[in-house]
Amino acid sequence: MSELSHVDHEGRARMVDVSAKADTARIAVAAGELHTTAEVVRLVRADGMPKADVLTTARLAGINGAKKTSELIPLCHQLALSSVNVSFDFTETTITIEAVAKTKGPTGVEMEALTAVAVAGLTLHDMIKAVDPAASLHAVRLLTKDGGKHGHWVRERELAETSRDSAVRHATDHGAHGQHSHAVDSGTAGAPHLTPTPAYGTGKSAVVLVASTGAAAGSREDTTGPVLAKWLGEQGFSVRGPLVYADADISYGLSEALAAEPALVISTGGTGASPTDGTPEATLAVLDRELPGVAESIRRRGTAKFPLAALSRGVAGLAGRTVIVNLPGSPGGVKDGIAVLTPLLEHLLAQVAGGGSHE
């Protein structure tokens, strides 16, 4: 058994001395689940709880909890957090919580991510207890961590099982929950066809981001995000999402998608000329360099079949070493995007990583 780092040679609790450790970029992802009733889930998604702004309040509480981790847990170091993102998803009777914490320093941010999940979950309980006092917080756990001497760690077995279970739920409840993020061929009868997707954090990582006010509120089904997640899984990516955000919140969604520095972020929706369509502007705000040829190729392919595709304002480019591509929020637009990206992705990602130089 490994020696416990927080216990000295006489068995007394101690704070680990990290002064000799090198500063490295560190990221941790944690998750948890609040089990409640279908009525509570419906009310939270529709912003209909007696205490309003349930998710916003819980998100802010989780971020604040991460910042105060060293005050709450005696042997934790004070960290200069560079980023904390807290997001939520839903099943029929569960609100799932995920937190991503980042820092650059001599020790990890696992406890900050876990504390963010726990505090966000407890805040959710406080916000919904008037409707369901029997709600319970479960499975607060670390999913992945990166940085430091041990490099990358991932809870591979659990994430793979979670991905399969989520896909089954989506196939069973297809159409009921716009924020599900599962790789399912829902067009076949009987048992669903599940596409194996590597656990997020292993191999090439990708995030699917959906801009849809209706899907975020649960009033309409998102049919684009799951298609992208399924396709990316088939390309060998470990996929996170779809992460679904209202159009007005897409900037926050991009920040959440970029938090763990994935190789690829593909968004769908919010690229038109409507006053609420702000995905291109939010994307341009985080890009270091544009890839105009990619965006134009997607537009050109769509316009050849559907002239109104010319109205799409989607952009593509690089945020650090992450490739971001905007696709329209329609099945046809996503299909066009997949057709353009399939022959490009491998070489594009190799170039971004420094492994390819051909133009």
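This passage walks through three helical features of a predicted model.

A good place to start is helix α4, which runs over residues 110–128. With 19 residues, α4 reaches 27 Å from its first C-alpha to its last, close to the 27 Å expected at 1.5 Å a residue. Many positions along α4 can be looked up in turn, and several are buried, including E112, A113, L114, T115, A116 and V117. Further along α4, the buried residues include A120, G121, T123, L124, M127 and I128.

Attention then turns to a pair of helices, α7 (residues 225–234) and α11 (residues 331–341). Their axes come within 10 Å and cross at roughly 20°. Because angles under 35 degrees count as roughly parallel, α7 is described as roughly parallel to α11. The crossing of these two helices, α7 and α11, is right-handed. On the α7 side, the contact is made by V227, L228 and W231, which meet V334, I338 and L341 of α11. Sorted by character, the residues of this contact are six nonpolar, with no polar and no charged residues.

The last stop is R45, located in helix α1 (residues 38–45). R45 has a relative accessibility of 9% and therefore counts as buried, the cut-off for that class being under 20%. In sequence, R45 and D89 are 44 residues apart, while in space the pair is separated by 9.6 Å, C-alpha to C-alpha.

Conventions:
Residues numbered from 1 in each chain as written. Predicted model: local features only at pLDDT ≥ 70, side-chain atom pairs only at ≥ 80, totals over all residues. Heavy atoms only, no water. Axes fitted to C-alpha atoms, helices over the stretch in contact; angles between N-to-C directions. Helix = DSSP H or I, 4+ residues; strand = E, 2+ residues; numbered from the N terminus. Parallel < 35°, antiparallel > 145°, perpendicular 65-115°, else oblique. Left-handed = near helix turned anticlockwise from the far one by under 90°. Contact = heavy atoms within 4.5 Å. Nonpolar A, V, L, I, M, F, W, Y, C, P; charged D, E, K, R; others polar. Expected span 1.5 Å × (residues − 1). Buried < 20%, exposed > 50% of the residue type's maximum accessible area, 1.4 Å probe, protein only.
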